[in-house]
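Okay, thanks for squeezing me in. Let me put the structure up, and then we'll talk helix packing and a couple of backbone oddities.

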Amino acid sequence: MAAMFANAFMNLFTATNCLLMVVGVVVGIIFGCVPGLSAAMAIALFLPVTFGLPQYSAFALLMALYIGGVSGSLISAILINVPGSSQSIATCYDGHPMAMKGEAHRALGTGILFSFIGTMFSLVILVFAAPTIASYAVKLGNFEFFSLVTFALILIICISGGNILKAILAGLLGMATTFVGVAPVDSIPRFTFGTVSLMDGFSLLPMVIGMFAVTTIMGRAAKPIGTGVGDRLLYKRGKGFGFTFKEFLGQTKNWLLSSVIGTFIGFLPGMGGSLANQLAYATVKKASKYPEKFGTGIMDGVVASETSNNASIGGAMIPLLALGIPGDGPTAMLLGAFMIQGLNAGPLLFTTNADLCYVIFGAMAICTTLMLVIEYFGIPLFLQTLKVPQGILLPVIVMLCCVGAYASGNKMFCVWTVLIFGAVGYLFNKADIPAPPFILGAVLGPMIESNLRRALQMSRGSFLPFLTRPVSCIFILASVAIIVTTVISQVRSAKKEG
């Protein structure tokens, strides 16, 4: 293995490959931080470029775009409360409140460093445990996937804080939005009302942009226009990554737990960082000694989200390389890159093209380090957005959101989706209904429905296998336990207040 890595690094450390990786990371970060764009879109746009590149150079470039794109979304999530992609939704919960308290440097430094740690953790798992983990993941069927996704949704709803009934309502409304358009499995149009634009349903990225960006902008526009996003006094420069070594050590438990969750969710096909960051945030909050502080601007929330969504990178690469099954959107694009290069991703790849596998591993390590360096030295530049007058910044954000939404689907209906769900998010704020369960319901709704319907087809309409299959039964029992404990906790709190 050491010899394979040495050979891989020798092949990667050429002037052309180094330049491609630097450019790829920078471009990936830009695609990641612009709302509506994503790592998958960056890879898709650069796939034609790989036609004329050697195999090693092509995959070095694509891995750079992937890693830069996933990490870059933390920048807009922290500074303007607009996640660059759905993989950084949970980063908004504590990252932006930190920025508003004058801790933007600290929030960015936390996100950048723990993005690096999460990716490197998953890379180690990818290198040493890919065949074993992939062979286990492929055994999970529709019953297990349904129970797992349902567990994730219930966990987020129950720990979202506030009234559990409002959280459940938000989650159900989020799932309801996924019923618009062509149904999974049987492809029957639903709730389209004869409108062609609704055939594809509501796209997730425009919904997320509307619920976070437009809602935030509407809230700020209702206040007197100041000199920046917050007061000028909130613009503070820090040293290093913005936190001490002691604080870093205090996050060991959080980043380890989040890395495990991110890697595990990553290698489950179809899950990806969108679920990983939400589930890790919920789990870390549940295990915390001070869960009431989450959402107010603490380091723990940023650590959980950014470690997990970057750990999902290595996790998603496991089924791609070992089984030829893409774990998420970007790895689906990478599967296309294998085809372009005349390769077949899967078990035989490690025997027929083992050198390429180690080049990919080496490129991931190098690009992750480049991401850390580029984003670290870019912090002063990122912080300049806090100095931009609000009257200038807000219209620019709206423009970028509309452009990003249009680019995500190449149709005007995506822009209308942004505006519609911006208004929905504003009404949610007024009614004190939490937005995270709504977004997670929209993310997980298609997975829950498609896995449920396929599972029932396999069991001929019987729900019994959900309880007789061990993994499925465990997740269902855990979901019931979380609901019961949350209800008991809220009843006790209500009695104490009474």
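So, one bit of vocabulary: we call angles under 35 degrees roughly parallel, over 145 roughly antiparallel, 65 to 115 roughly perpendicular, and the rest oblique. This is a predicted model, where local features need pLDDT of at least 70, side-chain atom pairs count only at pLDDT 80 or more, and totals for chains, interfaces and linings use all residues. Residues are numbered from 1 along each chain as its sequence is written, and side-chain values use heavy atoms, with hydrogens and water left out.

Now, the helix pair. Helix α2, residues 15–33, and helix α4, residues 55–80, have axes that come within 6 Å and cross at roughly 30 degrees; axes here are lines fitted to C-alpha atoms, for helices over the stretch in contact, and angles run from 0 to 180 degrees between N-to-C directions. Therefore α2 and α4 are roughly parallel to each other.

Who touches whom, with contact meaning heavy atoms within 4.5 Å? On the α2 side we have, among them, Gly24, Gly28 and Gly32, and they're part of a set that meets α4 residues including Gly68, Gly69 and Gly72.

On to phi. Most residues other than glycine have a negative phi. Phe191, though, isn't a glycine and has a positive phi of about 55 degrees. Phe191 is in the loop between β2 (189–190) and α9 (204–221). Asp432 has a positive phi too, near 60 degrees, and it lies in the loop between α18 (413–431) and α19 (435–458).

Definitions and conventions
Helix = DSSP H or I, 4+ residues; strand = E, 2+ residues; numbered from the N terminus. Contact = heavy atoms within 4.5 Å.
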